Amino acid sequence: MDLELRHLKIIRAVADAGSLTRAATRLGLAQPALSTQLRRIERALGGALFDRGRDGVRATALGELVLDRARVLLPAVCELQEEAVRFARQGTAGHRIGGTHGPLLGGLVDRLARQDPGVPVATYTAWSEREIAGSVAGGRLDFALIGVCGESPPPEPGRLAWMEVARDPVYVMLAEDHPLARWAEIELTELAAEAWTDVPGDGCFGDCFAAACVRAGFTPACVYEADTASCVHLVQVGRAVGLCRATFPATPGVVTRPLAGTPLVWRHLLGWHPAGRAAARAAHVLAQARAAHTEAMARAAATPTAAHP
């Protein structure tokens, strides 16, 4: 049997998991099937790669040798594949933009369509900032339009170039008949007894929000994780309050208010691969993203804000 990349992936997965059961789960295989494959690989390499025990598996001296090589080869092959994809797509026309859910992506698409008529724009949205950044690093997208909380680093910091589009204070969404809706700004402590709603994601915002609540002296009793439309509905009917960006558009039945002292800040970021086809257009797309943010802020500012009674 010739050794293949998939065999090296199996060996690395077993070593990282520390047991055949956990490795099989991560690889999506039945444990007997994984055990059979591992025995074939060991026969091909001339000896046992792991010592099996009641507490899991541990690499043998031969296993450590193979693992050292695998940890060099697998990332190198992955990088080669990504570079090949980027090279093959150099001539593809248009903008391919991935973003998390929010009004800024729509504004950027609108501005690019106005500024570059006839140039197609393709979009992709996901809850996962890491997924979007990974797609840009892999050449499947040209730009990532995402956000991070405060000074938290964006994903793929060593592979993608990132520029700040804008930074905004994080606002709170309330039902229009909520008692605090009359206030011009709201102390986070005033919301200690509320249920909250927020969209899912794998970024830093959840941790930043939890830390801000701890600093304010409370822990959220309930957080409903839902899509944007469901979050808005829960706020409209008074079931929860939510957090939103300052660019959140006017919505019937909902008011948005800044939090006193700005305990949370959202940074909008644009990312691209410095060696990809998008690098030459990054300055142009960044300028359009910043203009789209300015337009979104102007629309949000036009929404009447109640004053403290």
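**Two cores and a helix with a buried side**

In this predicted model, the largest nonpolar core has 35 residues, and those touching the most other members are V172, L174, L191, W196, F205, L243 and L264. Helices and strands both feed into this core: α6 (129-137), β5 (143-149), β6 (161-175), α7 (205-215), β9 (241-245) and β11 (265-272) each put in at least two residues. The top contributor is α7, with 5 residues. There is also a second, separate core, made up of 18 residues, with V14, A17, A23 and L49 among them. As a general point, nonpolar side chains in soluble globular proteins tend to be buried together.

Two members of the largest core are worth a look one at a time. V172 sits in strand β6 and has a relative accessible area of 0%, so it counts as buried. Leaving aside residues up to four places away in sequence, V172 touches I186, L191, W196, V241, G242, L243, V255, T256, R257 and L259. P103, for its part, is 69 residues from V172 in sequence, and the two C-alpha atoms are 16 Å apart. As for L264, its contacts, again not counting residues up to four places away in sequence, are C149, D168, P169, V170, F205, C208, F209, A212 and L243.

Turning to helix α3, this element covers residues 31-45, 15 residues in total. At 1.5 Å a residue the helix should span 21 Å, and its end C-alpha atoms are indeed 21 Å apart, so expectation and model agree. Its buried residues are L34, S35, L38, I41 and E42. These cover an arc of only 125° around the axis, which means that they lie on the same side of α3. What do they pack against? The partners of the buried α3 residues are α1 (5-17), α2 (20-27) and β1 (50-53). On the face turned away from that buried side, α3 carries the exposed residues P32 and R43. Just after the helix comes G46, with a positive phi near 90°.

The packing of α3 with α2 can be described further. Two packed helices are described by the angle between their axes and the distance between the axes. For α2 and α3, the angle is about 105° and the axes are 9 Å apart. An angle from 65 to 115 degrees counts as roughly perpendicular, and α2 and α3 are therefore roughly perpendicular to each other. On the α2 side the contact is made by L20, T21, A23, A24 and L27, and on the α3 side by Q31, L34, S35 and L38.

Definitions and conventions:
Residues numbered from 1 in each chain as written. Predicted model: local features only at pLDDT ≥ 70, side-chain atom pairs only at ≥ 80, totals over all residues. Heavy atoms only, no water. Helix = DSSP H or I, 4+ residues; strand = E, 2+ residues; numbered from the N terminus. Expected span 1.5 Å × (residues − 1). Buried < 20%, exposed > 50% of the residue type's maximum accessible area, 1.4 Å probe, protein only. Arc of directions from axis to C-beta. Contact = heavy atoms within 4.5 Å. Core = buried A, V, L, I, M, F, W, Y, C linked by side-chain atoms within 4.5 Å. Axes fitted to C-alpha atoms, helices over the stretch in contact; angles between N-to-C directions. Parallel < 35°, antiparallel > 145°, perpendicular 65-115°, else oblique.
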